[in-house]
Amino acid sequence: MSWDTPGSDGKIFANTTKPDGRSYWLRTKTKQPLSNFLGFPIDKSIPRYTGILDAEDFSGITVYQGRGVGGGSLVNGGMAVTPKRENFGAVLPSVNADEMYATYYPRANAGLGVATVDPAWFDSAACYQYARVGRKQAQRSGFPFVFVPDVYDWDYMEQEAAGTVPKSALDGEILYGNNYGKKSLQKTYLAQIAATGNVTISPLHKVTSVTPAPAGGYTVVIDQLQTDGSTAATKTVTADKVFFAAGSVGTSKLLTQLKATGALPGLNDEIGKGWGDNGNVMCGRANHLWDPTGAVQSSIPCGGIDNWNAGGAFAEVAPLPTGIETFASFYLSITKNPNRAQFSWNAATGKVDLNWQTSWKQPSIDMAKSIFDKINAKEGTIYRTDLFGVYKIWGDHLTYHPLGGAVLDRATDNYGRLHGYSGLYVIDGSLIPGNTSVNPFVTITALAERNIEKIIATDL
């Protein structure tokens, strides 16, 4: 959906603690990444609706994706991190790093509205007590704590804390959209696009087929959906050029199906390969009573623990915006997990499968433990076992950062042109082979800026 119309409560997006139909894409029960609290399951029934967060289940993993005009920017924490220069060669080996860091990363950061929290305000804000506890404990164990840039409007956040504007981050809004302060793509790139008058966006449309058209170009078949997920109409358009920008999972699934079913048989054998989870793994720690993390927590993370070079992990100090004091520290780690999965067409079910195995998360757990075992030993604390099930320490069942499946310079040329077909392009996270060492949001944007500049200059 376009997510520009308020619901019956006067707000566009549902609150994290009160999910409703707006919260999930065609589910009848929520599937929160943190599924339990104090040992009790917290998911609840909701009306089936074309809501904002998709929890898509594959073998061994649930992939969280933004559903709406604005994609993942609607549901992420806004953490907008440029990878360290020395790590870039492992992220996109065929891309000129000098160009990326001189031109395209700065362009992406400007376009997205990236900024960093004011350190002085951070030190005094009650809503970041949880992050200050995370910083103190990381530093006591010898780990660097770094401030992480974000696309949240930090002036608005300070006004939220002062009580002078409606609350958004300080009302726990994150999983199901953010009503006020976050600069999602709706407020940045998409607003600029709309202002040109040259673009029409058709929400609730789903591409089901792309085939070469008899007279040249491509025939694109599209289902128009209703809010209960049923098909209202099927449309056909002809296009000279088609850009696949459905995210790592959406693009990879569609291309895998089109190749296997003979719609685009000339796609090469790299389609569907090189998919990774950005090494995502979650955990919580139980702090002592003298280390409270705060009842009111900003839902927007602003710091992380960097042990990438020594232990293969970068851990966001994440919020637990429950509205009560939990004495818990919560983390989403990005790790140097080497495992890669492949999408394949299952003719028997008529669906695309992914061959990820839950056991492939073990390297991520080991890398995260390089941080948190040491902090627990230093602080005399333990892991929480009540957040992901009963007596389960690690959130190893999910990813927020799907990457790969149509990898740059393999499934495509070095600018996203699909091999085998002139005029077909990939321009999203499926180009990136499985890991970015940090949150992938800025790298996906910068790569799109790089590729589209070349395509405009040479192909259009």
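User: Why is Asp-277 called buried?
Analyst: Let's start with the value. This is a predicted model, and in it Asp-277 has a relative accessible area of 0%. Buried means under 20%, so with 0% Asp-277 earns the word.

User: What makes Asp-277 and Lys-361 a salt bridge?
Analyst: Their side chains meet at 2.6 Å, N to O. The cut-off is 4 Å between a side-chain nitrogen of Lys or Arg and a carboxyl oxygen of Asp or Glu, so a Lys and an Asp at 2.6 Å satisfy the rule. The two residues are 84 residues apart: Asp-277 sits in the loop between α7 and β10, and Lys-361 in the loop between β15 and α9. Lys-361 also has a relative accessible area of 0%, so this residue is buried as well. By the rule for salt bridges, the count comes to 20.

User: How do you know that Lys-369 counts as partly exposed?
Analyst: Its relative accessibility is 29%. Partly exposed lies between the limit for buried, under 20%, and the limit for exposed, over 50%, so 29% places Lys-369 in that class. Asp-373, at 32%, is partly exposed for the same kind of reason. Lys-369 and Asp-373 form a salt bridge, with their closest N and O atoms 3.3 Å apart. Both residues lie in helix α9, 4 residues apart, which is about one turn of the helix.

User: What makes Arg-417 and Asp-459 a pair that ties together parts of the chain?
Analyst: Their side chains meet in a salt bridge at 2.9 Å, N to O. Arg-417 belongs to the loop between β17 and β18 and Asp-459 to helix α10, so the bridge joins parts that are 42 residues apart in sequence. Arg-417 is partly exposed at 22%, and Asp-459 is partly exposed at 22% too.

User: Which residues are linked in a network of salt bridges?
Analyst: That network links Asp-54, Glu-56, Arg-67 and Lys-253.

User: How do you know that Ser-168 is buried?
Analyst: Its relative accessible area is 0%, and the limit for buried is under 20%, so Ser-168 passes. Ser-168 lies in the loop between α5 and α6. Leaving aside neighbours within four places in sequence, its contacts include Tyr-152, Glu-160, Asn-178 and Tyr-180.

User: What makes Val-199 partly exposed?
Analyst: Val-199 has a relative accessible area of 42%. That is not under 20% and not over 50%, so the in-between name applies. Val-199 is in the loop between α6 and β6. Together with Ile-193 and Ile-201, Val-199 forms a nonpolar patch on the surface, with about 220 Å² of accessible area together.

User: How do you know that strands β7 and β8 pair?
Analyst: Pairing takes at least two bridges, and β7 and β8 have 8 bridges, in the antiparallel sense. One of the bridge partners is easy to find: Gln-224 is matched with Ala-233 in β8. The two strands form a hairpin with 5 residues between them, and Gly-229 in the turn has a positive phi of about 95°.

User: Which residues touch the most other members of the largest nonpolar core?
Analyst: Phe-244 and Leu-424 do, in a core of 40 residues. Among the elements that give two or more residues to this core are α1, β9 and α10. Helix α2 gives the largest share, 6 residues. Apart from its neighbours within four places in sequence, Leu-424 has contacts including Val-210, Val-242, Phe-244 and Leu-264. A second, separate core has 35 residues, including Cys-127 and Ile-375.

User: What is the phi of Trp-3?
Analyst: Trp-3 has a phi near 50°, a positive value in a residue other than glycine. Most residues other than glycine have a negative phi. Trp-3 is in the segment before β1, and its relative accessible area of 6% is under 20%, so Trp-3 is buried.

User: Why does Phe-327 count as partly exposed?
Analyst: Its relative accessibility is 24%, and buried would need a value under 20% and exposed one over 50%, so Phe-327 falls in between. Phe-327 is in the loop between β12 and β13. Its phi, near 55°, is positive in a residue other than glycine.

Terms used:
Residues are numbered from 1 along each chain as its sequence is written. This is a predicted model: local features need pLDDT of at least 70, side-chain atom pairs count only at pLDDT 80 or more; totals for chains, interfaces and linings use all residues. Side-chain values use heavy atoms; hydrogens and water are left out. Buried means under 20% relative accessible area, exposed over 50%, partly exposed in between (1.4 Å probe, protein chains only). Contact means heavy atoms within 4.5 Å. Patches are made of residues with over 30% relative accessible area and no salt bridge: like charges are joined within 9 Å, nonpolar side chains (Val, Leu, Ile, Met, Phe, Trp, Tyr) within 5 Å. Accessible areas come from the Shrake-Rupley method with a 1.4 Å probe; for residues, only the protein chains shown count as cover. A nonpolar core is a set of buried Ala, Val, Leu, Ile, Met, Phe, Trp, Tyr and Cys residues joined through side-chain atoms within 4.5 Å.
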